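Here is a friendly walk through one protein model. Keep the sequence and the 3D view open while you read.

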Amino acid sequence: GMHWCLNLVCREAGHGAGVLVRAIEPTDGLDRMRQRRQVEDVRLLCSGPGRVGQALGITRALDGLSLEAPPFELWSAPPGLAVACGPRIGISRAAEVPWRFGLAGSPYLSRPMRA
(Lines give C-alpha, C1' and ligand atoms only; values in the text may rest on other atoms or scores of the structure.)
Protein backbone atom coordinates (compact mmCIF):
# COMPACT_ATOMS: atom_id res chain seq x y z
CA GLY A 1 0.00 0.00 0.00
CA MET A 2 0.89 3.64 -0.24
CA HIS A 3 0.06 4.68 3.33
CA TRP A 4 0.39 3.34 6.83
CA CYS A 5 -2.95 2.61 8.47
CA LEU A 6 -3.98 2.88 12.10
CA ASN A 7 -4.85 -0.55 13.47
CA LEU A 8 -5.60 -1.02 17.15
CA VAL A 9 -4.88 -4.49 18.52
CA CYS A 10 -6.72 -5.32 21.69
CA ARG A 11 -5.29 -8.80 22.41
CA GLU A 12 -2.20 -10.81 21.66
CA ALA A 13 -1.43 -11.21 17.97
CA GLY A 14 -3.23 -14.04 16.22
CA HIS A 15 -6.44 -13.81 18.24
CA GLY A 16 -8.48 -11.71 15.81
CA ALA A 17 -8.80 -8.63 17.95
CA GLY A 18 -7.60 -5.91 15.62
CA VAL A 19 -9.58 -2.84 14.63
CA LEU A 20 -8.81 -0.80 11.52
CA VAL A 21 -9.58 2.87 12.12
CA ARG A 22 -11.19 3.86 8.82
CA ALA A 23 -12.11 7.45 9.72
CA ILE A 24 -11.94 10.00 12.51
CA GLU A 25 -13.46 13.39 13.10
CA PRO A 26 -10.46 15.75 12.99
CA THR A 27 -10.63 18.26 15.82
CA ASP A 28 -7.06 19.12 16.83
CA GLY A 29 -4.00 19.79 14.70
CA LEU A 30 -6.02 20.68 11.61
CA ASP A 31 -3.29 22.87 10.13
CA ARG A 32 -0.75 20.03 10.36
CA MET A 33 -3.24 17.54 8.91
CA ARG A 34 -3.99 19.88 6.01
CA GLN A 35 -0.28 20.26 5.37
CA ARG A 36 0.30 16.49 5.37
CA ARG A 37 -2.74 15.76 3.18
CA GLN A 38 -2.65 18.87 0.94
CA VAL A 39 -6.44 19.13 1.38
CA GLU A 40 -8.48 21.99 2.81
CA ASP A 41 -11.90 20.33 3.26
CA VAL A 42 -11.99 19.05 6.85
CA ARG A 43 -14.33 16.23 5.78
CA LEU A 44 -11.62 14.82 3.48
CA LEU A 45 -8.74 14.95 5.95
CA CYS A 46 -9.44 11.64 7.71
CA SER A 47 -12.23 9.91 5.77
CA GLY A 48 -10.58 6.63 4.85
CA PRO A 49 -7.85 4.46 6.38
CA GLY A 50 -5.04 5.80 4.20
CA ARG A 51 -6.15 9.37 4.81
CA VAL A 52 -6.24 8.79 8.59
CA GLY A 53 -2.68 7.45 8.50
CA GLN A 54 -1.40 10.29 6.35
CA ALA A 55 -3.18 13.03 8.33
CA LEU A 56 -1.92 11.68 11.66
CA GLY A 57 1.61 11.05 10.40
CA ILE A 58 1.42 7.29 11.08
CA THR A 59 4.74 5.56 10.35
CA ARG A 60 6.51 2.29 11.11
CA ALA A 61 7.96 4.01 14.21
CA LEU A 62 4.53 3.68 15.88
CA ASP A 63 4.18 -0.04 15.12
CA GLY A 64 3.72 -2.09 18.29
CA LEU A 65 3.47 0.82 20.72
CA SER A 66 0.98 0.66 23.57
CA LEU A 67 -2.20 2.71 23.34
CA GLU A 68 -1.80 3.47 27.05
CA ALA A 69 1.31 5.62 26.63
CA PRO A 70 2.37 8.66 24.57
CA PRO A 71 2.14 9.52 21.78
CA PHE A 72 -1.33 7.98 22.13
CA GLU A 73 -4.09 9.26 24.36
CA LEU A 74 -7.42 7.49 24.80
CA TRP A 75 -10.52 9.30 25.99
CA SER A 76 -13.90 7.93 26.99
CA ALA A 77 -16.72 8.79 24.63
CA PRO A 78 -19.27 11.25 25.94
CA PRO A 79 -22.48 9.53 27.03
CA GLY A 80 -25.38 9.30 24.63
CA LEU A 81 -23.51 9.02 21.32
CA ALA A 82 -25.49 7.14 18.67
CA VAL A 83 -23.28 4.42 17.22
CA ALA A 84 -24.28 2.86 13.90
CA CYS A 85 -23.33 -0.68 12.94
CA GLY A 86 -23.21 -2.14 9.46
CA PRO A 87 -21.39 -4.42 7.03
CA ARG A 88 -17.70 -3.88 6.44
CA ILE A 89 -16.40 -2.21 3.29
CA GLY A 90 -13.30 -2.59 1.16
CA ILE A 91 -12.98 -6.35 1.66
CA SER A 92 -14.07 -9.42 -0.28
CA ARG A 93 -14.43 -12.04 2.49
CA ALA A 94 -17.15 -11.82 5.15
CA ALA A 95 -18.12 -8.35 3.91
CA GLU A 96 -21.66 -8.90 5.18
CA VAL A 97 -20.51 -9.27 8.80
CA PRO A 98 -21.74 -6.22 10.76
CA TRP A 99 -18.33 -5.26 12.15
CA ARG A 100 -18.26 -1.68 10.88
CA PHE A 101 -19.01 0.88 13.56
CA GLY A 102 -19.27 4.63 13.35
CA LEU A 103 -20.95 7.68 14.76
CA ALA A 104 -24.46 7.73 13.30
CA GLY A 105 -24.79 10.46 10.68
CA SER A 106 -21.10 11.41 10.75
CA PRO A 107 -19.98 13.42 7.71
CA TYR A 108 -16.41 12.20 8.28
CA LEU A 109 -16.89 8.62 7.10
CA SER A 110 -15.46 7.62 3.72
CA ARG A 111 -18.83 6.05 2.91
CA PRO A 112 -22.09 6.62 4.78
CA MET A 113 -23.37 3.79 6.92
CA ARG A 114 -26.04 1.75 5.13
CA ALA A 115 -29.36 1.58 6.95
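Let's start in a loop: P71 sits between helix 2 and strand 3. Helices (H or I, at least four residues) and strands (E, at least two) are DSSP runs, numbered from the N terminus. The peptide bond leading from P70 into P71 is cis, and its omega is near 15°.

A quick word on the ground rules. This is a predicted model, where local features need pLDDT of at least 70 and side-chain atom pairs count only at pLDDT 80 or more, while totals for chains, interfaces and linings use all residues. Residues are numbered from 1 along each chain as its sequence is written, and side-chain values use heavy atoms, with hydrogens and water left out.

**Backbone oddities**

Next come two residues with a positive phi. Q38 has a phi of about 55° although it is not a glycine, and its place is the loop between helix 1 and helix 2. Q38 is exposed, at a relative accessible area of 68%. On that scale, buried means under 20% relative accessible area, exposed over 50%, and partly exposed in between (1.4 Å probe, protein chains only). A94 is no glycine either, and has a positive phi of about 55°. You'll find A94 in the loop between strand 3 and strand 4, where it is partly exposed at 33%.

**Around S47 and A23**

The loop between helix 1 and helix 2 also holds S47. Is S47 buried or exposed? With 4% relative accessibility, S47 counts as buried. Its side chain reaches the backbone oxygen of R43 at 3.2 Å. There is also a polar contact of 2.7 Å between the side chains of S47 and R51. A polar contact here is a pair of N or O atoms within 3.5 Å; within protein, one must be able to donate a hydrogen and the other to accept it, and residues adjacent in sequence count only if both atoms are side-chain atoms.

R51 turns up again with A23: the two are 28 residues apart along the chain, and their C-alpha atoms are separated by 8.0 Å. A23 belongs to the loop between strand 2 and helix 1 and is partly exposed, with a relative accessible area of 22%. R34, in helix 1, is partly exposed at 22% as well. From R34 to L109, 75 residues along the chain, the C-alpha atoms are separated by 17 Å.

**Strands 3 and 4**

In a regular strand the side chains alternate between the two faces of the sheet. Strand 3 (residues 83-86) does this: A84 and G86 point to one face and are buried, while V83 and C85 point to the other and are not. Strand 3 runs antiparallel to strand 4, and 4 bridges join them; two strands pair if DSSP finds at least two bridges between them. One of the bridge partnerships is V83 with L103 in strand 4.

**Pockets**

Now for the open spaces. On a 1 Å grid over the protein atoms alone, a pocket is an open set of points where a 1.4 Å probe fits, with protein on both sides within 12 Å along at least five of seven lines; lining residues have an atom within 4 Å of a point. Grid points are joined across faces, edges and corners, and a volume is the space filled by probe spheres set on the points.

| Pocket | Volume | Lining | Nonpolar / polar / charged |
|---|---|---|---|
| Largest | About 2,100 Å³ | 45 residues | 29 / 8 / 8 residues |
| Second largest | About 320 Å³ | 15 residues | 10 / 3 / 2 residues |

In that split, Ala, Val, Leu, Ile, Met, Phe, Trp, Tyr, Cys and Pro count as nonpolar, Asp, Glu, Lys and Arg as charged, and the others, Gly among them, as polar.

Which residues lie nearest the centre of the largest pocket? They are L6, L8, V21, A23 and I24. Strand 4 gives the largest share of this lining, 4 residues. In the second largest pocket, N7, L62, D63, G64 and L65 lie nearest the centre.

**Cysteines**

A search of the whole structure finds 0 disulfides, that is, pairs of cysteine sulfur atoms within 2.5 Å. C10 is in none, and the nearest cysteine sulfur, in C85, is 16 Å away. Why is C46 unbonded? Its sulfur is 12 Å from the closest cysteine sulfur, in C5, which is too far for a bond. C10 is exposed at 57%, whereas C46 is buried at 1%.
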